[in-house]
Every structure is written in C-alpha cells, then in structure tokens.
Amino acid sequence: MKRIFLLIATNFAILLVASIVMSILGVNTSTMGGLLVFAAIFGFGGAFISLAISKWMAKKTMGCEVITQPRDSMERWLVETVARQAEKSGIKMPEVAIYQSPEMNAFATGPSKNNALVAVSSGLLYGMTQDEIEGVLAHEVSHVANGDMVTLTLIQGVVNTFVIFAARVVAGIINNFVSSNDEEGQGLGMFAYMAVVFVLDMLFGILASIIVAYFSRIREFKADEGAARLAGKNKMIAALERLRQGPESGAMPAQMSAFGINGKRSMAELLMSHPPLEKRIAALKNS
C-alpha cells in the first residue's frame, strides 16, 4: 500500500511541476513546436524528478536500513568493502543499506556518482559467501561509477518525449481524417481522442521499453566487467552462478530492479533489463 501511495504522490508531483513550467513558458500545444516542448517537459521532467528522489524512494519503498554505525562484523565488512571499492573507482562513498527480502538481490541508486545508495537484501547476505557478496557489491559500485543512473534517465527522457509527442501527432492525424469524413466535421470528440491517445501511448511505450531494455542490458555487461576489475573475475562469476541457482527476482519495484544485480526473467529477451545470467557468465569467462 505504501508503494502505491508513493507512486501516486510522485506522479502527482511530476504533473504539478510540469504544469507550472508549461504555464511559465506559455507553451501552446496546438502548434507542432509547442507540442514538442510539452512532450519534452513531461518526458524529461518525469525522468529527472524520479532520479532526484530515487534514494529517498528506495529507502521508503524497500524499507532500507542505512548502516550509519555497524552493529556487527558483517555490517562492518559491508561498509569497508564498499568504501574500498568506491575509492578504487574514484567516487565518494555511497550510503550502504540492508533491506529485508528473502530473494538474493542488491541495487544501486541515487542522483549522481557522488550521491548514491548501495543496498543488499537480507536473503543475499545469508545466501551467499563473502566472495560472492563482494562481487555483487563491486557490480553495484560499478553502476554508480559508470554514471548509469543518469545515463538511463537521459535515455528514458528521450523515449518518453518520443512516446508523448508521437502519440499525440498520430492521434491528431486520425482526428483530422475522421473530421474530413464526418458531415458535421466534429472529429473524434474529446473522450474518443483521449482514448486514442491512451492506446497509442501504450503501443509506443512498448517500443520505447525495447529501446530502454537494450541499453540496460549493455549497461549490465559493463557493470559485470567493472566488478571483475574491482573484486576479481572469479568472484563475479561465482556470484552470478549463485544467482542462477536461486529463484526468480521479483520483489523489487521496476526502478530499483533496473539497477539490481538480478533482473526479472521474461519470455522475450527484448524486454529484459538484464541479459540472461548464462550470457553474462559466458561474457566474463571469455573476457
């Protein structure tokens, strides 16, 4: 219930901010240029607002407990390992957190390289060896060091803008066609037009998801390579082998899952944010 409330609140904030910006700029959506500005404001605005509050959202939705003062040897080792890897990667120390979940997973998030969060699940802590956990942590630190959160936000902003713009352009063409063939020349009408826009948003959104997923899979291979340099190839391969033996990942919200060590499986690889574990292991072995 908390996740649903936070999602609604975030979307409301995006709509409010975007509406204020449009009002200040005096955007006229009846022109092609105005429509493109409208699409960019909502497309990039939503992506960047989500990025700006990503750490806060992760802590609230996943129940992350940030380690400010290690309570035992495991927490101390986690913090020291991330600190060592961050220093080696040339970034500021991320916050380190633990969240309660039986699945073996971890994720990194945050608005920038030097303002990030690395979180691991309790299932991962109890289901992996220290060498395997070190590989996972190195993977997440590599995401941060590579600037993947910002990169994916930019890509998401571009495809969001395309979806919003293209859906309304096509809906306008359909409306004009209907109007020209209608004796009264009234076109689709407001509700029918909005229904067409909604359907087109969904269709173009699927195409956009394929593009985002493609770049996400490339990013995962690069994070695996970075983890091999930080922790050692064998530790990263061992971590991926352990994940392959475990159950499917699925408890993490989509935004965090995109930066997790293990993504959701899918019948269509085109829609997967993570490459199959077998391909990731093979890529590391052949590197």
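How much accessible surface does the chain have, and what share of that surface belongs to carbon and sulfur atoms? The accessible surface comes to about 14,600 Å², and carbon and sulfur atoms hold 64% of it. Please keep in mind as you read on that this is a predicted model.

**The overall picture**

Let's start with the fold. The chain contains 11 helices and 4 strands. It has 287 residues, of which 46% count as buried. If you look at contacts between residues at least 6 apart in sequence, 67% of them join residues at least 24 apart.

**A nonpolar patch on the surface**

Now turn to the outside of the model. Phe198, Val199, Met202, Leu203, Ile206, Leu270 and Leu271 make up a nonpolar patch on the surface. Together these residues have about 690 Å² of accessible area. One of them, Leu271, sits in the loop between helix H10 (254–257) and helix H11 (277–286). Leu271 has a relative accessible area of 45%, so this residue counts as partly exposed.

**Salt bridges**

Side chains of opposite charge can pair when their charged atoms come close. How many salt bridges does the structure hold? There are 14, and the table shows three of these pairs, with the distance between their closest N and O atoms.

| Salt bridge | Closest N and O atoms |
|---|---|
| Arg219 with Glu220 | 2.8 Å |
| Asp201 with Arg168 | 3.4 Å |
| Arg280 with Glu220 | 3.7 Å |

Glu220 appears twice here, as the partner of Arg219 and of Arg280. Is Glu220 buried or exposed? Its relative accessible area is 0%, so Glu220 is buried. Arg280 lies in helix H11 and Glu220 in helix H8, so their salt bridge ties together parts that are 60 residues apart in sequence. Arg280 is buried as well, with a relative accessible area of 0%. Arg219 is also buried, at a relative accessible area of 5%.

The salt bridge between Asp201 and Arg168 joins two helices too. Asp201 belongs to helix H8 (residues 190–231) and Arg168 to helix H7 (residues 148–180), so this pair ties together parts that are 33 residues apart in sequence. Asp201 has a relative accessible area of 18%. Because buried means under 20%, Asp201 counts as buried.

Elsewhere, salt bridges link several residues into a network, made up of Arg84, Asp131, Glu134 and Lys235.

**Aromatic pairs**

Finally, a look at the rings. The structure holds 5 aromatic pairs. One of them is formed by Tyr99 and Phe107, whose ring centres are 5.6 Å apart. Why does this pair count as tilted? The planes of the two rings stand at 45°, and planes from 30 to 60 degrees apart count as tilted. Tyr99 and Phe107 are both buried.

Another pair, Tyr214 and Phe215, is edge-to-face. Here the rings are 5.4 Å apart centre to centre, with 75° between the planes. Are these two residues buried or partly exposed? Tyr214 is partly exposed, with a relative accessible area of 45%, and Phe215 is partly exposed, with a relative accessible area of 37%.

Conventions: Residues are numbered from 1 along each chain as its sequence is written. This is a predicted model: local features need pLDDT of at least 70, side-chain atom pairs count only at pLDDT 80 or more; totals for chains, interfaces and linings use all residues. Side-chain values use heavy atoms; hydrogens and water are left out. Buried means under 20% relative accessible area, exposed over 50%, partly exposed in between (1.4 Å probe, protein chains only). Contact means heavy atoms within 4.5 Å. Accessible areas come from the Shrake-Rupley method with a 1.4 Å probe; for residues, only the protein chains shown count as cover. Patches are made of residues with over 30% relative accessible area and no salt bridge: like charges are joined within 9 Å, nonpolar side chains (Val, Leu, Ile, Met, Phe, Trp, Tyr) within 5 Å. A salt bridge is a side-chain nitrogen of Lys or Arg within 4 Å of a carboxyl oxygen of Asp or Glu. Rings of Phe, Tyr and Trp (its six-membered ring) pair if their centres lie within 6.5 Å; planes under 30 degrees apart count as stacked, over 60 as edge-to-face and the rest as tilted.
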